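Q: Hi! I've just loaded a new model and would like to talk it through with you. Could you keep me company while I look around?

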Amino acid sequence: MRRPTEHAAIRAAGRSARPLPSVPALLAALLDANERQDRAAVCLCAHRTVRAAVKEVGE
């Protein structure tokens, strides 16, 4: 069962800007994740790097 504030919180989170870290910081995190052989982190860092580098996200 949803709480009354849950819907409002989800809407507010969708409207707020969430700045991404810089591309060099994301690439450093990607290299670190690759060294640690953390496949989930590698995938997350790679996607975040592309999103930070390319301002338009298409389908």
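Q: How do the residues of the lining of the largest pocket divide into nonpolar, polar and charged?
A: Happy to help! This is a predicted model, by the way. The lining of the largest pocket has three nonpolar residues, no polar ones and three charged ones.

Q: Nice, and which residues line the largest pocket?
A: The lining is made up of Arg18, Pro19, Leu20, Pro21, Arg48 and Arg51.

Q: What volume does the largest pocket have?
A: About 150 Å³.

Q: OK, switching to the fold. How many helices and strands does the chain have?
A: There are three helices and zero strands. Read from the N terminus, the order of elements is α-α-α.

Q: And what share of the residues counts as buried?
A: For this chain of 59 residues, the buried share is 10%.

Q: Let's zoom in on helix 3. Which of its residues are buried?
A: Ala41, Cys45, Thr49 and Ala52 are the buried ones in helix 3. They span an arc of only 70 degrees around the axis, so they sit on the same side of helix 3.

Q: Why would residues spaced like that point the same way?
A: An α-helix has 3.6 residues a turn, so residues three or four places apart point the same way.

Q: Which residues are exposed on the other side of helix 3?
A: Over there you'll find Arg39, Ala40, His47, Val50 and Arg51 exposed. Arg51 also turns up in the lining of the largest pocket.

Q: What do the buried residues of helix 3 pack against?
A: Their partner is helix 2, residues 23–35.

Q: Can you give me one residue as an example? Why does Thr49 count as buried?
A: Sure. Thr49 belongs to helix 3. Its relative accessibility is 10%, and buried means under 20%, so Thr49 counts as buried.

Q: And what does Thr49 touch?
A: Leaving aside residues up to four places away in sequence, Thr49 is in contact with Val23, Leu26 and Leu27.

Q: Geometry check: how far apart are the end C-alpha atoms of helix 3?
A: They are 21 Å apart. Helix 3 has 15 residues, 39–53, and at 1.5 Å a residue it should span 21 Å, so the two agree.

Q: How far does helix 2 reach from its first C-alpha to its last?
A: Helix 2, with 13 residues, reaches 18 Å, close to the 18 Å expected at 1.5 Å a residue.

Q: Last one: which residue with a positive phi follows helix 2?
A: That's Gln37, with a phi near 60 degrees.

Notes:
Residues numbered from 1 in each chain as written. Predicted model: local features only at pLDDT ≥ 70, side-chain atom pairs only at ≥ 80, totals over all residues. Heavy atoms only, no water. 1 Å grid on protein atoms, 1.4 Å probe; cavity = no way out; pocket = protein on both sides within 12 Å on 5 of 7 lines; lining within 4 Å. Points joined across faces, edges and corners; volume = space filled by probe spheres on them. Nonpolar A, V, L, I, M, F, W, Y, C, P; charged D, E, K, R; others polar. Helix = DSSP H or I, 4+ residues; strand = E, 2+ residues; numbered from the N terminus. Expected span 1.5 Å × (residues − 1). Buried < 20%, exposed > 50% of the residue type's maximum accessible area, 1.4 Å probe, protein only. Arc of directions from axis to C-beta. Contact = heavy atoms within 4.5 Å.
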